[in-house]
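Trainee: I am new to this structure. Please take one part of it for a close look, and then work outward from there.

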Amino acid sequence: MIKRIQPRVLAKPQSASARRERALIHGPSHITGRWRFPLSANSRRAQSEHTLTQRQIAGRLCPAVGSCAFYLPIFKTAKKPRAGRTHPDIRTVLRWVRSGKMLAIISNVFRASAQRNGAAVIMSARTYADFTTQATFEIKKCDLFKLDEGPATQVVLTRDEGLQYYRIMQTMRRMELKADQLYKQKIIRGFCHLYDGQEACAVGIETSINLSDHLITAYRAHGYTYTRGGTVKEIMAELTGRRGGIAKGKGGSMHMYCKHFYGGNGIVGAQGQIFETYNMAALWKLPVIFICENNRYGMGTSVERAAASTDYFKRGEFIPGLRVDGMDVLCVREATKFAADHCRSGKGPILMELQTYRYHGHSMSDPGVSYRTREEIQEVRSKSDPISLLKDRMLSNNMASVEELKEIDVEVRKEIEDAAQFATTDPEPPLEDLCNHIFCDMPSLEVRGTNPWAKLKSVS
């Protein structure tokens, strides 16, 4: 049976402004054990009548402590502190929560309280041992071209892998949303093509290849720059044209590079060149995976209006192909593993079409709703979002808790905010660095500037 406790104010009265400030930061909170949590204005007027059940107490404590469930007996409110001692304020308590000290404190307080009242304490802590370490999932079958068999449709996901994929995709999503905000504030200038909605493609590909493998992509490059080893700070600083950017502030959105990653490139419309490349790769049996991230629109034109045949995975003609659910990170992962094994075994190139979707327009100059409806975008978000799909799988199979994923969200948001702060305060590169690194391992040379009389120096 769940009984109720009558709260009792133990701390000194607060000024109205202090109460409002603390209520805005922490929300309505209540009294449990020895600590007085600040009351909002609304809850304060009902303070004499307000009571909490044990289950409500646990509900307020569990999310902060981190995946812990408490089953507590009724206990009397604590007496006034002894002389020379004061109760900790809410900020001190929150510091204990973040450091992991809170669990031990709560345990000791309630154990002592129960001993005084003759009640038994039952405490159950949900630890990592309570979670499922791995689970098997059924994924969508790939469409095949010139292949006798395709990737597996039953795949195993471990808890650690799921948490890793979730964090990376959430980081990419938040990074792009922050770039959207900075662009609208005119802090990011020029071309800017965002990747939100397509995160499962980059993450699924990267988890199935090696960092020593070589990768090149088109202009929607922020996500791949991150998965290839770039940091959020470097990417954000590059977007704002700062010296700490991954290309020293001289590449911008479309031209970012890492080791074994040859960038973002602005030109993707060279259809003739891609077919020539298919031909050469097939002739020489090159170990190449060609990937088409089909987000359903070429700039503002839908694929149905632009192509008589939308089976892009068959465009290689003599190259085998796969059509993959690009909104499911597990589908992309398994398809890429299959493609990589195909190439490494000496069978030559392979072509993958990843069916995905971009939430933003083609670029920041495109509102993205003149050639498609808001309802279409919302439907994809609600039914096929790659982050939500992974999250639901993990929660429904007891591979993570809601609180644990929320904690990751908070950490990701902080990382993005810190990176944005760096990207807006880091200095711009000086003019004398403008022409550096034109060539590699070359003596210094003069480069003509915007007119014949302006001379700049290039240093390798």
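**Helix H14 and its surroundings**

Mentor: The buried residues of helix H14 (386-396) are covered by several elements, among them strand S7 (134-138), strand S9 (154-158), H6, H7, H12 and helix H13 (374-384). This is a predicted model, and that should be kept in mind throughout.

The residues of H14 that are buried are Pro386, Ile387, Leu390, Arg393 and Met394. Viewed along the axis of H14, these residues lie within an arc of 135°, so they line one face of the helix. The general background is that an α-helix has 3.6 residues a turn, so residues three or four places apart point the same way.

One of the elements covering H14 is H7, and it deserves a look of its own. Helix H7 spans residues 199-206, and eight of its eight residues are buried, so it is largely enclosed by the rest of the structure. The list reads Glu199, Ala200, Cys201, Ala202, Val203, Gly204, Ile205 and Glu206. Two glutamates, Glu199 and Glu206, are included among those buried residues. Packed against the buried residues of H7 are helix H6 (159-184), helix H8 (222-227), strand S10 (289-294), H12, S14 and H14.

Helix H13 is another of the elements covering H14. Arg381 is located in H13. With a relative accessible area of 34%, Arg381 is partly exposed. Arg381 and Gly197 are 184 residues apart along the chain, yet their C-alpha atoms are separated by 8.1 Å.

Helix H12 also covers H14, and it leads to the sheet. H12 (residues 329-344) forms a right-handed β-α-β unit with S13 and S14. The two strands of that unit, S13 and S14 (residues 350-355), run parallel and are joined by five bridges. Leu322 is placed opposite Met352 in S14, and Arg323 has Glu353 of S14 as its bridge partner.

S13 has a second partner in strand S8 (residues 143-145), and this pairing is antiparallel, over three bridges. Here Leu144 is the bridge partner of Leu322 in S13. Leu322 therefore takes part in both pairings, since in the other direction Leu322 faces Met352 of S14, and two strands pair if DSSP finds at least two bridges between them. In general, strands of a sheet pair through backbone hydrogen bonds, either parallel or antiparallel. S13 itself covers residues 321-325, and four of its five residues are buried, which leaves the strand mostly covered.

Taken as a whole, the sheet is open and has four strands in the order S8-S13-S14-S10, with mixed pairing. The edge positions belong to S8 and S10, each with a single partner strand, so one side of each has no neighbour in the sheet. From one strand to the next, the twist averages 15°. Both S14 and S10 come back to H7, since they are listed among the elements against which its buried residues pack.

Some residues in loops are also worth a glance. Lys285 lies in the loop between H10 and S10, and S10 is an edge strand of the sheet. The phi of Lys285 is near 50°, a positive value in a residue other than glycine. At a relative accessible area of 52%, Lys285 is exposed. Lys248, in the loop between H9 and H10, likewise has a positive phi, of about 60°, although it is not a glycine. Lys248 counts as partly exposed, at 47% relative accessibility. As background, most residues other than glycine have a negative phi.

Thr240 belongs to the loop between helix H9 (232-239) and helix H10 (271-284). Its relative accessibility is 8%, so Thr240 counts as buried. Neighbours within four places in sequence aside, Thr240 is in contact with Leu182, Ile187, Ile188 and Ala423.

Last comes the confidence of the prediction. The average pLDDT of the protein is 80, and 71% of the residues score at least 70. Across residues 20-81 the pLDDT is below 50, and this stretch has 135 contacts in the model beyond near neighbours in sequence. Residues 109-125 also have a pLDDT below 50, with 23 contacts in the model beyond near neighbours in sequence.

How values were computed: Residues are numbered from 1 along each chain as its sequence is written. This is a predicted model: local features need pLDDT of at least 70, side-chain atom pairs count only at pLDDT 80 or more; totals for chains, interfaces and linings use all residues. Side-chain values use heavy atoms; hydrogens and water are left out. Buried means under 20% relative accessible area, exposed over 50%, partly exposed in between (1.4 Å probe, protein chains only). A crossover is right-handed if, with the strands pointing away from the viewer, the path from the first strand over the helix to the second runs clockwise. Contact means heavy atoms within 4.5 Å. Axes are lines fitted to C-alpha atoms, for helices over the stretch in contact, and angles run from 0 to 180 degrees between N-to-C directions. pLDDT is the predictor's confidence in each residue, from 0 to 100. The arc is that of the directions from the helix axis to the C-beta atoms.
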